[in-house]
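Biologist: I'm new to this one. Could you take me through a single part of it up close, the largest nonpolar core and the loops around there?

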Amino acid sequence: MSIWSEATQQRARDILSRYPEKRSAVMPLLYLAMAEEGHLTNEGMAEVANWCEITPAQVQAVASFYTMYKRERTGKYLVSCCTSISCMLLGGDDVLHAVEDESGVPHGETDQEGVLSVEHVECIGACGGAPAVQVNYELIEGVTPEKARELVQWLKKAKPEVVNTDEMQQLFGGTRSFDWGIAEQGGAVGPYPAFQPLGTVESEAEV
Ligand code: FES
């Protein structure tokens, strides 16, 4: 008997159908478990083990290796500030401190209301647009401390259902790595990556 909603179970079936080996679906199914419960629980990982026909220990081995699998409660918005070398040289630490100060949430923690989680992260692949910040893994480049404060205020007040990189880049970003990139159509609906069939606006509408 599954602990997941019927919609989540259908997503799990869709994901599993793409892989010749069920165990290969362990990573996307871990994101499903996070989406279902807000973070990874032992029960959620046991559920993933069932679907993938592997042991809970094997699932935990994967989940504990990657920092994007959150074992603790995460806020509606996960704000990730890059402090690796390119971002650090261009003020990434100041951006992180501005986010921490404006939100009152130190690195690695979540506010009481469950709205904001803050973390500093290693390079997120946007060095050309440093300093870079992500909200629910949606990227914003060229962020200043002042804009970072505005971003925090916007998240707390507007509480958007979907965060979208293009919108946030316009509102809070500066110079981008590549101005000719393809426009983002979707957006993230939770603190997990918005790849299909997880978390995108389109996939939410399909459910
Ligand atoms: S160093 Fe920050 S995105 Fe690469």
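**A look inside the core**

Modeller: Let's start with one residue, Val79. Setting aside its neighbours within four places in sequence, Val79 touches Val99, Leu116, Ser117, Val118, Val133 and Val135. Keep in mind that this is a predicted model.

Now zoom out a little. Val79 is among the residues with the most contacts inside the largest nonpolar core, a set of 32 residues, and so are Cys81, Val95, Val99, Ala132, Val133 and Ala148. Several elements chip in with at least two residues each: strands E1 (77-82), E3 (116-121), E4 (133-135) and E5 (138-140), plus helices H6 (92-103), H7 (145-158) and H8 (165-172). Strand E1 gives the largest share, five residues. As a general rule, nonpolar side chains in soluble globular proteins tend to be buried together.

Not every residue of these elements is tucked away, though. Take Glu150, which sits in helix H7. Glu150 is partly exposed, because it has 15 C-beta neighbours inside 10 Å, and being buried takes 20 or more.

On to the loops. Between E3 and E4 you'll find Pro131, and the peptide bond joining Ala130 to Pro131 is cis, with omega at about -5°. The loop between E4 and E5 holds Asn136, and Tyr137 is placed in the loop between E4 and E5 too. Asn136 isn't a glycine, yet its phi is positive, about 50°. Tyr137 also has a positive phi, near 70°, and is a residue other than glycine. What about burial? Asn136 counts as buried because 26 C-beta neighbours lie inside 10 Å, while Tyr137 is partly exposed because it has 19 other C-beta atoms within 10 Å.

How does this part fit into the chain? The domain assignment gives domain 1 (6-65) and domain 2 (77-172), and their centres, taken over C-alpha atoms, are 28 Å apart. There is also a second, separate core of 20 residues, with Trp4, Val26, Leu40 and Tyr192 among them. Val26 turns up again where helix H2 (residues 26-37) meets helix H3 (residues 42-52). Those two helices pack at an angle of about 140°, their axes 9 Å apart, in a right-handed crossing. By class, eight nonpolar, one polar and three charged residues make up the contact of H2 with H3.

One last distance links back to Glu150: its C-alpha atom is 23 Å from that of Tyr192, and the two residues are 42 residues apart along the chain.

Notes
Residues numbered from 1 in each chain as written. Predicted model: local features only at pLDDT ≥ 70, side-chain atom pairs only at ≥ 80, totals over all residues. Domains from an automatic or database assignment. Axes fitted to C-alpha atoms, helices over the stretch in contact; angles between N-to-C directions. Helix = DSSP H or I, 4+ residues; strand = E, 2+ residues; numbered from the N terminus. Left-handed = near helix turned anticlockwise from the far one by under 90°. Contact = placed C-beta atoms within 7 Å. Nonpolar A, V, L, I, M, F, W, Y, C, P; charged D, E, K, R; others polar. Core = buried A, V, L, I, M, F, W, Y, C linked by C-beta atoms within 7 Å. Buried ≥ 20, exposed ≤ 12 C-beta atoms within 10 Å, placed from the backbone.
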